[in-house]
Amino acid sequence: MPKQIITLKKQNHRDQLTRFQDENLILSDFYKEVWVVCPGCEKKAIAKVNFETKTARLFCLRCAYNKESATAFDKNASIETAAHAYFQAELWLQAPFKNEVFWAYNDKHLEYLEKYISATLREHKDRTHFTLIEKLPKFYHEAKNREGLLKVIAKLKSKISNPSNRI
Ligand SMILES: [Zn+2]
């Protein structure tokens, strides 16, 4: 078999494993449902925001903590931001990394970041706005941090799969 073909095959295989395709997602694609530390029992609770009804809710299935808030700060204006911000709740998926904090709003957001960080090839589609990937702080993009960040992600994922956290 000519050498050329072998090299090409290897290349394809590697691409399949590591190619990251930026889905052009932005933070607001993830922040309507945010996993937070429950103000009542300190376990996982969920904050949700609905921009149509202009309401946000923080609820916990464990201790029945349940609070609703309006997204409007006066009659004519409301703020559209991440669901936990209306309650100043702490994010449940976060961990220190060097002098920074690695965080995710929920499991889907964490998976998206994991895909990005573990990829060695990164693709960019044409777009007109900045995606969340491009807005990430520098430490996310540095190859030397890849391994450390993946460890943090693995830790957070085991937090998710821990049966006592599953609700
Ligand atoms: Zn609770």
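Trainee: What makes E4 and strand E5 (residues 66-70) a pair?

Mentor: Five bridges join E4 to E5, and the two run antiparallel. Two strands count as paired if DSSP finds at least two bridges between them, so five bridges meet the test. Strands here are DSSP runs of E, at least two residues long, and helices are runs of H or I of at least four, all numbered from the N terminus.

Trainee: What kind of model is this?

Mentor: It is a predicted model, where local features need pLDDT of at least 70, side-chain atom pairs count only at pLDDT 80 or more, and totals for chains, interfaces and linings use all residues. Residues are numbered from 1 along each chain as its sequence is written.

Trainee: Which residues face each other across E4 and E5?

Mentor: Ala56 has Ser69 in E5 as its bridge partner. Phe59 stands opposite Asn66 in E5. E4 and E5 form a hairpin with six residues between them. In that turn, Ala64 has a positive phi of about 65°.

Trainee: What pairs with E4 through strand E3 (residues 44-50), and how many bridges are there?

Mentor: E3 and E4 pair in the antiparallel sense over five bridges. Ile46 has Phe59 in E4 as its bridge partner. The hairpin of E3 and E4 has four residues between the strands, and Lys54 there takes a positive phi near 55°.

Trainee: What is the order of the strands in the open sheet?

Mentor: The order is E2-E3-E4-E5, four strands with antiparallel pairing. Strand E2 (33-37) and E5 are called edge strands because each pairs on one side only. The twist averages 20° from one strand to the next.

Trainee: How do you know which side chains of strand E4 (residues 55-59) are buried?

Mentor: Count neighbours. A residue is buried if 20 or more other C-beta atoms lie within 10 Å of its own, exposed if 12 or fewer, and partly exposed in between, with C-beta atoms placed from the backbone. Along E4 the side chains alternate. Ala56 and Leu58 point to one face and are buried. Thr55, Arg57 and Phe59 point to the other face and are not buried.

Trainee: Is Pro137 buried or exposed?

Mentor: Pro137 has 10 other C-beta atoms within 10 Å. The cut-off for exposed is 12 or fewer, so Pro137 is exposed. Pro137 sits in the loop between helix H3 (132-135) and helix H4 (138-141). The C-alpha atoms of Pro137 and Phe102 are separated by 9.8 Å, though the two are 35 residues apart along the chain.

Trainee: How do you know the span of helix H2 (residues 107-118) fits what is expected?

Mentor: The expected span is 1.5 Å times one less than the number of residues. H2 has twelve residues and reaches 16 Å from its first C-alpha to its last, close to the 16 Å expected. The buried residues of H2 are His109, Leu110, Leu113, Tyr116 and Ile117. Seen down the axis of H2, they fall within an arc of 125°, so they line one face of the helix. That arc is taken over the directions from the helix axis to the C-beta atoms.

Trainee: Why would buried residues recur three or four places apart?

Mentor: An α-helix has 3.6 residues a turn, so residues at that spacing point the same way.

Trainee: What covers the buried residues of H2?

Mentor: The cover includes strand E1 (19-21), strand E6 (93-97), strand E7 (100-104), H3, H4 and helix H5 (146-161).

Trainee: What makes the span of H5 agree with the expected one?

Mentor: At 1.5 Å a residue, its 16 residues should span 22 Å, and the end C-alpha atoms of H5 are 22 Å apart. In H5, Leu149, Val152, Ile153 and Leu156 are buried. Seen down the axis of H5, these fall within an arc of 100°, so they line one face. Exposed residues on the other side of H5 include Glu147, Lys151 and Ser158. E6, E7, H2 and H4 are among what covers the buried residues of H5.

Trainee: What joins E6 to E7?

Mentor: Five bridges do, and the strands run antiparallel. Phe97 has Glu100 in E7 as its bridge partner. Two residues lie between the strands of this hairpin, and Lys98 in the turn has a positive phi of about 50°.

Trainee: Where does pLDDT stay under 50?

Mentor: Over residues 1-16. pLDDT is the predictor's confidence in each residue, from 0 to 100. The model has two contacts beyond four places in sequence for residues 1-16; a contact means C-beta atoms, placed from the backbone, within 7 Å. Where pLDDT is low, the predicted coordinates should not be read in detail. The protein chain averages a pLDDT of 84, and 81% of the residues score at least 70.

How values were computed. Axes are lines fitted to C-alpha atoms, for helices over the stretch in contact, and angles run from 0 to 180 degrees between N-to-C directions.
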